[in-house]
Amino acid sequence: MITFTLSLVALIVGYFIYGRIVERIFAPDDRATPAVSMADGVDYVVLPGWKIFMIQFLNIAGTGPIFGAIMGAQFGPSAYLWIVLGCIFAGAVHDYLSGMLSVRHGGAGLPELVGCYLGKRTKKVMLVFSVFLLLMVGAVFVYSPALILGKLCSDSITWVYVWCIIIFAYYFLATMLPIDKIIGKIYPFFAVAMLFMALALMYVLVTKWPSLPELTDGLANMRPSSGTIFPCLFITIACGAISGFHATQSPLMARCMKSERQGRPLFYGAMITEGVVALIWATVSSYFFYGGAAAELGVSATLQAPEVVTTVSEGWLGLFGGALAIIGVVAAPITSGDTALRSARLIIAEFLHMEQHTIRRRMYICIPVFAATLGLLWFNIADENGFNVIWSYFGWANQTLAVFTLWTLTVYLVNKRKFYWITLIPAMFMTAVCVSFLLTSANAFGLPPMVGYVSGVASFILSGVLFALWKSRKGNASTPLYDD
């Protein structure tokens, strides 16, 4: 618990110190935000700051900081280091700058921002890449909660299909209607529920104060069957450290901010909050897997992540905890799925230059988007291993999206003659992680771990060299493609 306590303090201090540094580098001002200058009553709507924070937190969180932290905790105390360092120096910087860059570009989506700074060809690649990623999120986050709800109703698969239809109908409404009609009303409630569950579990941890693996015990991999720490840990724990998916969600809230000065608490703060949730669940899981909590609860220590959530919540928090667990594993993914598809609609509309003020125009995009999501959902259901296949590709694609975002932000900072190292180092590191994982993952090339280590180091160095060459050619007189 010493490592947990120090990690918690580090996250809080990181928000107030490093978050302030990042904010000063970007330098927000009092110019009119897109929510004010481009208000349309549908996607560009001024919302209260506290509501934006709750929506942003739930948008980027879902079950990511829960399931990812549970699986990542199996690697041992190294999970604490990645959550803390990744969140403060990579994830929160990634979320803040991508959100603020969207504000400066009229609420532009990620592909548009990438195109501005990495070129039109990269923009087209990112359009396909990000939309496919968002469709995968929509498909996965229909089936997993439908499966849980279906089992609560009956053992019949029919109920699973019924819940798929109900969730899909909700997705359609949430994607089509103005953001303040559904999302703006129900998201704050679910966000409060998720935060309350995490804080309640932290209270139990503090009162029990169990003996857990600490950083002083070393960083050895405590469960090699989960894969190597590098790169697997950095793919497994994404939402609690850094996640490219967040850069597709931040523009939704960039279109709702009244002032640029809200950016640090809304973007950087939401990511730090997610890091705290991941830290709590990593500690709960460490107690469950290695501290004897599984035996105390009378269950096996080999349970899967969703089962750990329900077992621990019901065992420690009683009936109320069970209800919170249901919200955590059912409502959270649903609220990530609907905003994922909403983001897909807006990204495609932006690429096609199609206004979204009218329902008819929104329908033009929503129908093919939902048809494609249905196809992925059918594969998820029909193939016995469909969920695992989609999720494994999502994990890699998610972090690869973060790589593109970080390089975009680095180019922006160079163009504006700002301190670019805050994104350059994370960009180089995440490039190494994604290249290494692609080469060594069983679902990709499946090469030996040593190849992953060597390729990771080589990718880190090579990406830095290529950046230095680009910057040298560009010169100090570079100007951005868009003036902000």
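**Exercise 1. Is Asp29 buried, partly exposed or exposed, and what does its salt bridge look like?**

Keep in mind as you work that this is a predicted model.

Step 1: start with accessibility. Asp29 has a relative accessible area of 23%, so it counts as partly exposed.

Step 2: find the partner. Asp29 pairs with Arg31 in a salt bridge, and the closest N and O atoms sit 2.7 Å apart. Arg31 is partly exposed too, because its relative accessible area is 33%.

Step 3: widen the view. Asp29 and Arg31 belong to a network of salt bridges that also takes in Arg104 and Glu260.

**Exercise 2. Work out which helices are joined by the salt bridges Glu23–Arg264 and Glu112–Lys123.**

Step 1: get the total. The structure has eleven salt bridges.

Step 2: take Glu23 and Arg264. Their side chains meet at 3.3 Å, N to O. Glu23 belongs to helix 1 and Arg264 to helix 12 (residues 263-290), with their positions 241 residues apart in the chain. Both Glu23 and Arg264 are buried.

Step 3: take Glu112 and Lys123. The closest N and O atoms of this salt bridge are 3.0 Å apart. Here the link runs from Glu112 in helix 6 to Lys123 in helix 7 (residues 120-153), eleven residues apart.

Step 4: check burial against the cut-off, which is under 20% relative accessible area. Glu112 comes out at 17%, so it is buried. Lys123 is also at 17% and therefore buried.

**Exercise 3. Find where Thr63 sits, and how far its C-alpha atom is from that of Ser336.**

Step 1: place the residue. Thr63 lies in the loop that runs between helix 3 (49-61) and helix 4 (64-73).

Step 2: check the cover. Thr63 counts as buried because its relative accessibility is 3%.

Step 3: look across the chain. Ser336 is 273 residues away from Thr63 in sequence, yet the two C-alpha atoms are separated by 8.5 Å.

**Exercise 4. Describe the nonpolar surface patch that includes Val13.**

Step 1: list the members. Val9, Ile12, Val13, Phe16, Ile17 and Ile21 make up the patch, which covers about 540 Å².

Step 2: zoom in on one of them. Val13 belongs to helix 1 (residues 2-26). With 38% relative accessibility, Val13 is partly exposed, so it clears the patch cut-off of over 30%.

**Exercise 5. Characterise the largest cavity and the second largest pocket by volume and lining.**

Step 1: count the cavities. Searching the whole structure turns up three cavities of 30 Å³ or more.

Step 2: go to the largest cavity. Its space comes to about 50 Å³. The lining consists of Ala73, Gly76, Pro77, Ala79, Tyr80, Pro213, Ala282 and Ser286. At least two lining residues come from each of helix 5 (78-104) and helix 12.

Step 3: sort that lining by class. You get six nonpolar residues, two polar and no charged.

Step 4: move to the second largest pocket. This one holds about 480 Å³ of space. Among its 23 lining residues, Met38, Tyr44, Gly106, Arg255 and Glu350 are closest to the centre. Helix 6 (110-118) and helix 14 (305-352) are the elements that contribute two or more residues to the lining.

Step 5: sort the pocket lining as well. It has ten nonpolar, five polar and eight charged residues.

Key
Residues are numbered from 1 along each chain as its sequence is written. This is a predicted model: local features need pLDDT of at least 70, side-chain atom pairs count only at pLDDT 80 or more; totals for chains, interfaces and linings use all residues. Side-chain values use heavy atoms; hydrogens and water are left out. On a 1 Å grid over the protein atoms alone, a cavity is a set of points where a 1.4 Å probe fits but cannot get out, and a pocket is an open set with protein on both sides within 12 Å along at least five of seven lines; lining residues have an atom within 4 Å of a point. Grid points are joined across faces, edges and corners, and a volume is the space filled by probe spheres set on the points. Helices (H or I, at least four residues) and strands (E, at least two) are DSSP runs, numbered from the N terminus. Ala, Val, Leu, Ile, Met, Phe, Trp, Tyr, Cys and Pro count as nonpolar, Asp, Glu, Lys and Arg as charged, and the others, Gly among them, as polar. Patches are made of residues with over 30% relative accessible area and no salt bridge: like charges are joined within 9 Å, nonpolar side chains (Val, Leu, Ile, Met, Phe, Trp, Tyr) within 5 Å. Accessible areas come from the Shrake-Rupley method with a 1.4 Å probe; for residues, only the protein chains shown count as cover. A salt bridge is a side-chain nitrogen of Lys or Arg within 4 Å of a carboxyl oxygen of Asp or Glu. Buried means under 20% relative accessible area, exposed over 50%, partly exposed in between (1.4 Å probe, protein chains only).
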